[in-house]
Amino acid sequence: MSGYERGRVMNKLADLMEQHTEELALLDGADAGKLLLLGKIIDIPAAVQMLRYYAGGADKIHGESLRVSGKYQGYTLKEPIGVVGVIIPWNFPSLMFFLKISPALAAGCTVVVKPAEQTPLSALYYAHLAKLAGIPDGVINVVPGFGPTAGAAIASHMDVDSVAFTGSGEVGRLIMEASARSNLKTVSLELGGKSPLIIFDDADIDMAVELSRLAIFFNKGEVCVAGSRVYVQEGIYDEFVKKAVVAAQNWKVGDPFDVTTNMGPQVDKEQFERVLRYIDLGKSEGATLLTGGKPAADKGYYIEPTIFADVKEDMQIAQDEIFGPVMSLMKFKTIDEAIEKANCTKYGLAAGIITKDLNIANRVSRSVRAGTVWVNCYFAFDPEAPFGGYKMSGFGRDQGMMAIDKYMQVKSVITAVPDSPWY
């Protein structure tokens, strides 16, 4: 297909998604315990926006002319890398689906998607809508299954040319090993996070409390960039703690299909039990439990919004990605100390800064080793802004036009021009 034609059918798929927003949000809610209302106003619209962004870029992919020396002319071609294997997690089933496949489709590739075993329904529905949109058979393929079988088959298949993965570091390593043992397919990884949110003395405390609550309790903490480590400067620490506890206690846990609910259940029993184990670990490590810390209902996988204070950097709750509604609160004195503490992690996916001082914002944002830094905001995503990690949060970037390059090969073409009047 021409780039124009690819963009046309991608936009048609986006049209169909908008027509079926309710069904798609219901599927993700049923599978993952996500809030139905937010699915309708955030997740599905964001997936549509992602698809349309790359549909607009499909006919704008080009190489460049080269000024080679001698009696030659040269240029580069950007060609589709081929078959792309996509392995996505369960926390944002719709957005992750289109975060990966949209630039691959714009590049002219075909995709084989393995959704998480917990959340396959919306992916299957997207394959159905793709067929209705006129995307040819075999271009978008959805293969539900488990990681050790379906995921491993994609990672090791000799006819898969590239793998795009979002998930745990443990599985990311296995994918890289499978690539090395098979056909050396390219790999891009977006892995875990333990993102710091740094709040300075000059911050608007009420805004800081609201952003910190959103950063860790949104989507029940099942967010790779969740602001799970909250550093508060000593001048406002006590006041912040009091207000943060009240804010957490006012965060309603319950039925994800109830529009008044702020937080639904964890995705499954395994994740529910994992989060509770980390809460018990935090207590045994000596952190002070300020609020929450136990199941929020007699049945179901609901957990109370939980805040620990007196957390030390070497505690597991400060180092491990819990992937649940657990905030670790810590105090700092100076800017240098805040930077040092923020970087005291193997991860580097995101960070947040809350301050009214532009000099502090600039200095800290340039010093924190993270792929995304939010200043006086959090979860501010846009298709235009590249997204990915430093350190053990992975490599490669989603979003932005540079994401298309992950799914392309660059070919140099050199042609002899013996009778050219100039070189």
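**Salt bridges, aromatic rings and a nonpolar patch**

D258 is partly exposed, with a relative accessible area of 30%. In this predicted model, the side chain of D258 meets that of K252 in a salt bridge, with 3.6 Å from N to O. K252 is partly exposed as well, because its relative accessible area is 37%. Elsewhere, D15, E18 and R52 are joined into one network by salt bridges that share partners.

Side chains of opposite charge can pair when their charged atoms come close. The count of salt bridges comes to 22. One of them joins E18 and R52, at 3.0 Å from N to O. E18 belongs to helix α1 (residues 3-19) and R52 to helix α3, so this contact ties together parts that are 34 residues apart in sequence. E18 has a relative accessible area of 45% and is therefore partly exposed; R52, at 26%, is also partly exposed.

The salt bridge between K114 and E117 has its closest N and O atoms 3.5 Å apart. Here the lysine is buried: K114 has a relative accessibility of 3%, and buried means under 20%. Its partner E117 is partly exposed, with a relative accessible area of 36%.

Aromatic contacts are the next topic. There are 14 aromatic pairs. F218 and F379 make one that is tilted, with 5.4 Å between the ring centres and 50 degrees between the planes. This pair links distant parts of the chain: F218 sits in the loop between α8 (205-217) and β9 (229-233), while F379 sits in the loop between β15 (372-375) and β16 (390-391), 161 residues apart. Both F218 and F379 are buried. For F218 the relative accessible area is 14%, which is why F218 counts as buried. F218 also lies 9.9 Å from L35, C-alpha to C-alpha, although 183 residues separate the two in sequence.

The F218 and F379 rings are part of a cluster in which ring pairs also link F92, W374, Y378, F381 and F387. Over the face of F92 lies K34, at 3.9 Å from the ring centre.

On the surface, L37, I41, I42 and V259 make a nonpolar patch of about 350 Å². I42 is in helix α3 (residues 36-57) and, at 38% relative accessibility, counts as partly exposed.

An unreviewed UniProt entry annotates residues 1-413 as "domain: Aldehyde dehydrogenase". Within the model this span is 41% helix and 19% strand, and its end C-alpha atoms lie 22 Å apart.

Terms used: Residues are numbered from 1 along each chain as its sequence is written. This is a predicted model: local features need pLDDT of at least 70, side-chain atom pairs count only at pLDDT 80 or more; totals for chains, interfaces and linings use all residues. Side-chain values use heavy atoms; hydrogens and water are left out. Rings of Phe, Tyr and Trp (its six-membered ring) pair if their centres lie within 6.5 Å; planes under 30 degrees apart count as stacked, over 60 as edge-to-face and the rest as tilted. Helices (H or I, at least four residues) and strands (E, at least two) are DSSP runs, numbered from the N terminus. Buried means under 20% relative accessible area, exposed over 50%, partly exposed in between (1.4 Å probe, protein chains only). A charge sits over a ring if NZ of Lys or CZ of Arg is within 6 Å of the ring centre and within 35 degrees of the ring normal. Patches are made of residues with over 30% relative accessible area and no salt bridge: like charges are joined within 9 Å, nonpolar side chains (Val, Leu, Ile, Met, Phe, Trp, Tyr) within 5 Å. Accessible areas come from the Shrake-Rupley method with a 1.4 Å probe; for residues, only the protein chains shown count as cover. A salt bridge is a side-chain nitrogen of Lys or Arg within 4 Å of a carboxyl oxygen of Asp or Glu. UniProt positions are given in the numbering used here, feature names are shortened, and annotations may be inferred rather than shown by experiment.
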